[in-house]
Amino acid sequence: MRIVIAGGHGQIALRLERLLAARGDEVAGIIRRAEQGSDLREAGAEPVLLDLESASVEEVAAHLQGADAAVFAAGAGPGSGVARKDSVDKGAAVLFADAAVRAGVRRFVVVSSMGADPAHEGDEVFDVYQRAKGEADAYVSGLDALDWTILRPGSLTNDAGTGLVRLEAHTGRGAVPRDDVAAVLAELVDTRATAGLVLELISGSSPVSVAVKSVAGN
């Protein structure tokens, strides 16, 4: 498969790139800064230099041509202000989804956030973030041209992955290593039977492949 990842230098994305490349997939990661390219190459991915805050749908679609799947893993990051929550966490997600439709890429996986809700109230930066992620998820889920799956991990940690997770429509709050989020994403990209699902993810007791098969109805 050829898989294009938005936010290719993110902590989850780099882990995902390593997993996909190791199993033989062709992976491209979209990055904003050229100096990030070496990290992607080390992970086995092809760096694509493109700013999703200023690119057009046509420009993004050109890089999605021929892809089998697209993964939106971009984020403004914890140090960013309110404006970039709207331009990246919402705006870039909408742009990437529209570009996937334009390029004919049906399989579309989103890394969202537990608690994301377009009706989330409050004016603090985290409130704006949850609202932006919720608005992006609502937009993607309204696109009939995409076989979308939305993944909402709990609190992210850098602990070593266990390969054991809880993946359900509603898990309740909890933490999960980024290693395990990447492992679940790698399975979801392959599992089109999860299309149309919004899934929460925390650490649990089910092996990743079993958890994904379970929500896919297998």
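A pocket here is an open set of grid points, on a 1 Å grid over the protein atoms alone, with protein on both sides within 12 Å along at least five of seven lines. Keep in mind that the structure above is a predicted model.

**Exercise 1. Describe the largest pocket and its lining.**

Solution.
- Start with the space: the largest pocket holds about 1200 Å³.
- Next, look towards the centre. Of the 43 lining residues, Ala 74, Gly 75, Ala 76, Gly 77 and Pro 78 are the closest to it.
- Now find the elements that give two or more residues to the lining: the helices α1 (11-22), α4 (82-103) and α5 (125-141), together with the strands β2 (26-31) and β7 (155-157).
- Finally, sort the lining by class, which gives 19 nonpolar, 14 polar and ten charged residues.

**Exercise 2. Work out how α4 and α5 are arranged, and what their contact is made of.**

Solution.
- Take the axes: those of α4 and α5 come within 8 Å and cross at roughly 10°.
- Apply the cut-off: angles under 35 degrees count as roughly parallel, so α4 is roughly parallel to α5.
- Pick out the contact residues. On α4 they include Val 82, Lys 85 and Asp 89, and on α5 they include Val 125, Val 128 and Tyr 129.
- Class the residues of this contact: eleven are nonpolar, none is polar and six are charged.

**Exercise 3. Find the salt bridge partner of Arg 2 and place both residues in the chain.**

Solution.
- Search the whole structure, and twelve salt bridges turn up.
- Go to Arg 2: its partner is Glu 46, with the closest N and O atoms 3.3 Å apart.
- Place the two: Arg 2 sits in strand β1 (residues 2-6) and Glu 46 in strand β3 (residues 46-49). With their positions 44 residues apart, the pair links distant parts of the chain.

Methods
Residues are numbered from 1 along each chain as its sequence is written. This is a predicted model: local features need pLDDT of at least 70, side-chain atom pairs count only at pLDDT 80 or more; totals for chains, interfaces and linings use all residues. Side-chain values use heavy atoms; hydrogens and water are left out. On a 1 Å grid over the protein atoms alone, a cavity is a set of points where a 1.4 Å probe fits but cannot get out, and a pocket is an open set with protein on both sides within 12 Å along at least five of seven lines; lining residues have an atom within 4 Å of a point. Grid points are joined across faces, edges and corners, and a volume is the space filled by probe spheres set on the points. Helices (H or I, at least four residues) and strands (E, at least two) are DSSP runs, numbered from the N terminus. Ala, Val, Leu, Ile, Met, Phe, Trp, Tyr, Cys and Pro count as nonpolar, Asp, Glu, Lys and Arg as charged, and the others, Gly among them, as polar. Axes are lines fitted to C-alpha atoms, for helices over the stretch in contact, and angles run from 0 to 180 degrees between N-to-C directions. Angles under 35 degrees count as roughly parallel, over 145 as roughly antiparallel, 65 to 115 as roughly perpendicular and the rest as oblique. Contact means heavy atoms within 4.5 Å. A salt bridge is a side-chain nitrogen of Lys or Arg within 4 Å of a carboxyl oxygen of Asp or Glu.
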